[in-house]
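Hello,

Here is the structure I promised to hand over to you. Please have a look at it first, and then read on for what turned up in it.

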Amino acid sequence: KLLNSINSNPIKKYDIFVEKVNQLEKTISNLDDNQLKGKTEYFKSQINKNNSVENIIVEAFAVVREAAKRTVNMRHFDVQLIGGKVLHEGKIAEMKTGEGKTLVSTLAAYLNALSDKGVHVVTVNDYLAKRDSEWMGKIYNFLGLSVGYIFSGMPEIERKKAYESDITYGTN
């Protein structure tokens with residue numbers, strides 16, 4: 001009971017955010033592939049106008065959710081939307097094995113890559129960096145972003161190219 005009350009209040013503040021993303025789901029799902037892909041350039045132009053991803057976060061998360069459904073046949077659940085928002089805020093979201101951390105990261109990674117500053121997704125080993133960059137990379141590539149990954153012993157020229165990607169996976 002104590003843990004429930006301690007953890008529920010911070011999470012409840014995300015309910016309105018999740019509701020807003022969910023309200024966009026039908027509208028976003030009605031877009032054809034080209035319209036959905038076009039959202040990336042639209043978001044980038046919006047960020048350039050007002051220099052803030054906060055004004056597009058709800059729609060961007062809805063777009064990533066739809067792109068994931070179309071490319072990797074996975075749909076972000078509400079708890080994963082919360083996890084993505086928490087990550088974007090620079091906080092830590094604890095999730096158990098099998099709860100979808102890999103998919104959660106796509107939300108914050110996509111949103112922050114829209115600023116053209118590059119995003120690094122850190123995982124624990126070379127296998128996961130490669131796997132996740134290829135698997136989740138389908139979502140990013142569909143939406144017009146480039147993806148790279150860094151691995152141990154990688155030649156410097158390839159490493160440099162990977163770091164020039166919009167989203168780069170690597171190890172800690």
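**What was found**

Before anything else, please keep in mind that this is a predicted model.

Let me begin with the sheet. Three strands make it up, lying in the order β1-β3-β2, and the sheet is open, with parallel pairing. At its edges you will find β1 (119–123) and β2 (147–149), each of which pairs on one side only. On average, neighbouring strands of this sheet are turned by 20° against each other, if direction is ignored. If you would like one pairing to follow by eye, take β1 and strand β3 (residues 167–171), which run in the parallel sense and share 5 bridges. A good place to start is V119, whose bridge partner in β3 is I167. Helix α7 (residues 126–135) packs on this sheet and touches β1, β2 and β3. The direction of α7 makes about 160° with that of β3.

Next, a pair of helices. Helix α2 (residues 15–29) and helix α5 (residues 78–88) have axes that come within 10 Å and cross at roughly 115°. The crossing of α2 and α5 is right-handed. Which residues make the contact? On the α2 side they are F17, V18, V21 and N22, and on the α5 side D78, L81, I82 and K85. Sorted by class, the contact of α2 with α5 comes to 5 nonpolar, 1 polar and 2 charged residues.

Now to the charged side chains. As a reminder, side chains of opposite charge can pair when their charged atoms come close. Searching the whole structure turns up 14 salt bridges. One of them joins D33 to R70, with the closest N and O atoms 2.8 Å apart. This pair links distant parts of the chain, since D33 sits in helix α3 (residues 33–50) and R70 in helix α4 (residues 57–71), 37 residues apart. D33 is partly exposed, at 38% relative accessibility, and R70 is also classed as partly exposed, with a relative accessible area of 28%. Both residues belong to a network of salt bridges that links E25, D33, R65, E66, K69, R70, R75 and D78. You have already met D78, as part of the contact between α2 and α5.

E89 is worth a look too. E89 forms a salt bridge with K85, where the closest N and O atoms are 2.9 Å apart, and another with K91, where they are 3.2 Å apart. Are these residues buried or partly exposed? E89 is partly exposed, with a relative accessible area of 31%, whereas K85 is buried, because its relative accessibility is 13% and the limit for buried is under 20%. K91, at 40% relative accessibility, counts as partly exposed. K85 is also one of the α5 residues in the contact with α2.

Finally, one residue to zoom in on: S105, which lies in helix α6 (residues 101–113). S105 has a relative accessibility of 13% and so counts as buried. What is S105 in contact with, leaving aside its neighbours within four places in sequence? The residues it touches are L87, V121, Y140 and Y169.

I hope this helps you find your way around. Happy exploring!

Best wishes

Notes. Residues are numbered from 1 along each chain as its sequence is written. This is a predicted model: local features need pLDDT of at least 70, side-chain atom pairs count only at pLDDT 80 or more; totals for chains, interfaces and linings use all residues. Side-chain values use heavy atoms; hydrogens and water are left out. A salt bridge is a side-chain nitrogen of Lys or Arg within 4 Å of a carboxyl oxygen of Asp or Glu. Helices (H or I, at least four residues) and strands (E, at least two) are DSSP runs, numbered from the N terminus. Buried means under 20% relative accessible area, exposed over 50%, partly exposed in between (1.4 Å probe, protein chains only). Two strands pair if DSSP finds at least two bridges between them. Axes are lines fitted to C-alpha atoms, for helices over the stretch in contact, and angles run from 0 to 180 degrees between N-to-C directions. Contact means heavy atoms within 4.5 Å. A crossing is left-handed if the near helix is turned anticlockwise from the far one by less than a right angle, and right-handed if clockwise. Ala, Val, Leu, Ile, Met, Phe, Trp, Tyr, Cys and Pro count as nonpolar, Asp, Glu, Lys and Arg as charged, and the others, Gly among them, as polar.
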